[in-house]
Amino acid sequence: MAYDRIYNFSAGPSMLPIPVLESCRDDLMNYKGCGMSVMEMSHRSKVYDEIIVDAQRLLREVMGIPDNYKVLFLQGGATLQFAMVPANLMRTGKADYVRTGSFSTSASKEATKYGKVNIAASTESEKFSRIPAQEELKLDPEADYVHICFNNTIFGSKWSYIPDTGDVPLVADMSSCMLSEPIDVSRFGLIYAGAQKNIAPAGLTIVIVREDLLGYAPANTPIMLNYKTIADKDSMYNTPPCWSIYVCKLVLEYLQSIGGLEEMQRRNQAKAKLLYDYLAESKMFHAHVQEGSRSMMNVTFRSGNDEVDAAVAKEAAQRGMSNLKGHRSVGGLRASIYNAMPYEGVEALVAFLKEVEAR
Ligand SMILES: *Cc1c(COP(=O)(O)O)cnc(C)c1O
């Protein structure tokens, strides 16, 4: 790989496309002749204004976000959204949560501070190895919203369908899958994502929210936790995460240059297929998640022997394939193959796993 880089299978922060990093480098000392880097400029300057306006416009174009949705650039990570969502959307005081892994569970716990949480379904007893079917969801037609985690980073599962929640707004944590494939935004009331998996460096959180859901936060909601404050000021109420928004803009330009989310999806499917096909035929390693619920971004697998898995991750790292150790709560191995992971990286991983198996 160019620049002596490694294949980094980290779940996040994770790889960024090389052309994006090259642009950062080229612009670092003197951004477009203004004599300073983007890290150093006022967020109120004309130069920066162009960057944030472009970032929002590009995100709308690339994702096809309808006009009746606001795009917010925030800080605090996806974890802060576990609180901001109920703080802003719990109008009558009850919400449905579907538990499909660690993050959806954390989100449901945080929401209990704001109102009544109904667990509409949980696959915990099956070690979160699948996503529940529509018929399994015990939805309350009077809930303020339904919360799901669309791609479960830790367990490696993903919703293969968008659940039908009737008139109840659907809220989705898309931290580890946003921009990996086209998505029909109009099916959701709110989408949020920490940027450091697939969009930009850490520090930026993106929220896409339908306008009619804004303005219901109680009066004692802190200003910075009220979506409406941020929406009314175009994400400039205070200093936004300037650098991450700039890199986000570069990532979106890169996505457009390769053909948008359709092309990104095609590439991601090809990468995931290569790895899952190998796991299907392997006698040594097995995928954790059942077919039909598998993530294209985070592939979890194991040999069944934790010591062997740890040794495999260690040897892979020595060979330039890092961060394959599974999350501490699941064990085994996990290959996060986000947008910026090249096909060659997955080829190298599969070749290595085959070699280990042959031994
Ligand atoms: C990483 C991740 C989080 C936590 O994100 P932070 O930005 O670190 O708060 C939440 N949900 C999902 C699905 C994630 O992948």
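In this predicted model, 13 residues sit around the ligand, and T79, T153, D173, Q196 and K197 come nearest. Sorted by class, that shell is made up of four nonpolar, seven polar and two charged residues. Helix α3, covering residues 77-89, gives the most to the shell, with four residues.

Several polar contacts can be picked out between protein and ligand. Starting with the backbone, an N or O atom of A78 is placed 3.0 Å from an oxygen atom of the ligand. Side chains join in as well: a polar atom in the side chain of Q196 is found 2.9 Å from a ligand oxygen atom, while an N or O atom in the side chain of D173 is 2.6 Å from a nitrogen atom of the ligand. On its own the ligand would expose 380 Å², and the protein buries 86% of that.

D173 also leads on to S175, since the side chains of these two residues are joined by a polar contact of 2.7 Å. S175 belongs to the loop between strands β8 (170-173) and β9 (190-194). Is S175 buried or exposed? With a relative accessibility of 7%, S175 falls under the 20% cut-off and so counts as buried. A polar atom of the S175 side chain also lies 3.2 Å from the backbone nitrogen of G194. Leaving aside residues up to four places away in sequence, S175 touches A78, Y192, A193, G194 and K197. Of these, A78 has the backbone atom placed 3.0 Å from a ligand oxygen, and K197 is among the residues that come nearest to the ligand.

Just past helix α3 comes M90, in the loop that runs between α3 and strand β3 (94-99). M90 counts as buried because its relative accessibility is 12%. Its contacts, again leaving aside residues up to four places away in sequence, are V85, A95, A111, Y114, G115, K116, V117, D144 and Y145. V299 is another matter: M90 and V299 are 209 residues apart in sequence, and their C-alpha atoms are 34 Å apart in space.

Helix α7 takes in residues 260-281. How far apart should the ends of its 22 residues be? At 1.5 Å a residue the helix should span 32 Å, and the end C-alpha atoms are indeed 32 Å apart, so the two values agree. The buried residues of α7 are G260, L261, E263, M264, N268, K271, A272, L275, Y276, Y278 and L279. The cover over them includes the helices α2 (46-63), α6 (242-258) and α9 (343-358), along with the strands β11 (286-287), β12 (298-302) and β14 (333-336).

A few spots stand out for their backbone geometry. Most peptide bonds are trans, and most residues other than glycine have a negative phi. The bond from G12 to P13, however, is cis, with omega near -10°; P13 is part of the loop between β1 (7-8) and α1 (18-27). Positive phi values turn up at D234, near 50°, and at N323, near 65°. D234 is in the loop between α5 (227-232) and α6, whereas N323 is in the loop between β13 (321-322) and β14. D234 counts as exposed because its relative accessibility is 52%, while N323, at 45%, counts as partly exposed.

Terms used: Residues numbered from 1 in each chain as written. Predicted model: local features only at pLDDT ≥ 70, side-chain atom pairs only at ≥ 80, totals over all residues. Heavy atoms only, no water. Helix = DSSP H or I, 4+ residues; strand = E, 2+ residues; numbered from the N terminus. Buried < 20%, exposed > 50% of the residue type's maximum accessible area, 1.4 Å probe, protein only. Polar contact = N/O pair within 3.5 Å; in protein donor to acceptor, adjacent residues only side chain to side chain. Contact = heavy atoms within 4.5 Å. Expected span 1.5 Å × (residues − 1). Near = heavy atom within 4 Å. Areas by Shrake-Rupley, 256 points an atom, 1.4 Å probe, with all protein chains shown as cover. Nonpolar A, V, L, I, M, F, W, Y, C, P; charged D, E, K, R; others polar.
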